[in-house]
Amino acid sequence: MVTKTRGKFDEFEGTITVAENIADSKAEATIKAASINTGNEDRDAHVRGDDFFSVEQYPELTFSATSFDVDETGNVTVTGDLTIKGTTKPVTLNVEAEGLAEDPFGNTRFGFEAATKINRTDFGIDFNAPLKTGGVLVSEEIKIELEISAIKQ
């Protein structure tokens with residue numbers, strides 16, 4: 001690989017239900033695969049195609065939390081099932097709280113970040129191309145980073 005390519009999904013929705021006992025909390029998310037945006041339309045079209053997301057056949061990526069954990073030092077992890085291209089695998093997100101406050105519109109907001117890494121080939125995304133200098137074009141390891149602002153309902 002030569003450089004990192006960053007991308008984001010522009011269409012998504014999710015819900016988080018925080019229980020008094022954090023272990024009883026729930027979280028669900030749905031992401032529109034065709035909303036991938038890497039800042040390059042040709043690359044985005046390729047990523048939407050069969051070499052990567054196959055958005056015609058698999059229009060959504062989903063996440064469903066299966067457990068929440070807070071360790072003795074206050075570190076939070078959320079484990080759940082991530083589905084990409086019809087393949088579901090467990091992933092664990094490391095969560096970092098950013099804050100809780102009332103916004104200018106009277107909503108209670110909770111901000112947090114979460115991160116994990118996956119191997120894209122585990123989800124059937126195995127396209128690659130060799131480089132003349134050695135190595136390959138696309139890394140198997142994908143970093144997933146979430147920046148979330150949730151509104152209390």
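Student: Which residue is the bridge partner of Gly14 in strand 3?
Tutor: This is a predicted model, in which local features need pLDDT of at least 70 and side-chain atom pairs count only at pLDDT 80 or more, while totals for chains, interfaces and linings use all residues. Residues are numbered from 1 along each chain as its sequence is written, and side-chain values use heavy atoms, leaving out hydrogens and water. Strands are DSSP runs of E with at least two residues, numbered from the N terminus, and two of them pair if DSSP finds at least two bridges between them. In strand 3, Gly14 has as its bridge partner Ala29.

Student: How many residues of strand 2 are buried?
Tutor: Buried means under 20% relative accessible area, with a 1.4 Å probe and protein chains only. Strand 2 (residues 12–17) has six residues and lies largely in the open, because the number of them buried is zero.

Student: Is Asp103 buried or exposed?
Tutor: Asp103 sits in the loop between strand 7 (87–102) and strand 8 (108–119). Its relative accessibility is 11%, so Asp103 counts as buried.

Student: Which strand gives the most to the largest nonpolar core?
Tutor: A nonpolar core is a set of buried Ala, Val, Leu, Ile, Met, Phe, Trp, Tyr and Cys residues joined through side-chain atoms within 4.5 Å. The largest one here has 21 residues, with Phe53 and Ile118 among those with the most contacts inside it. Two or more residues come from each of strand 5 (60–70), strand 6 (76–84), strand 7 and strand 8. With four residues, the one that gives the most is strand 5.

Notes:
Buried < 20%, exposed > 50% of the residue type's maximum accessible area, 1.4 Å probe, protein only.
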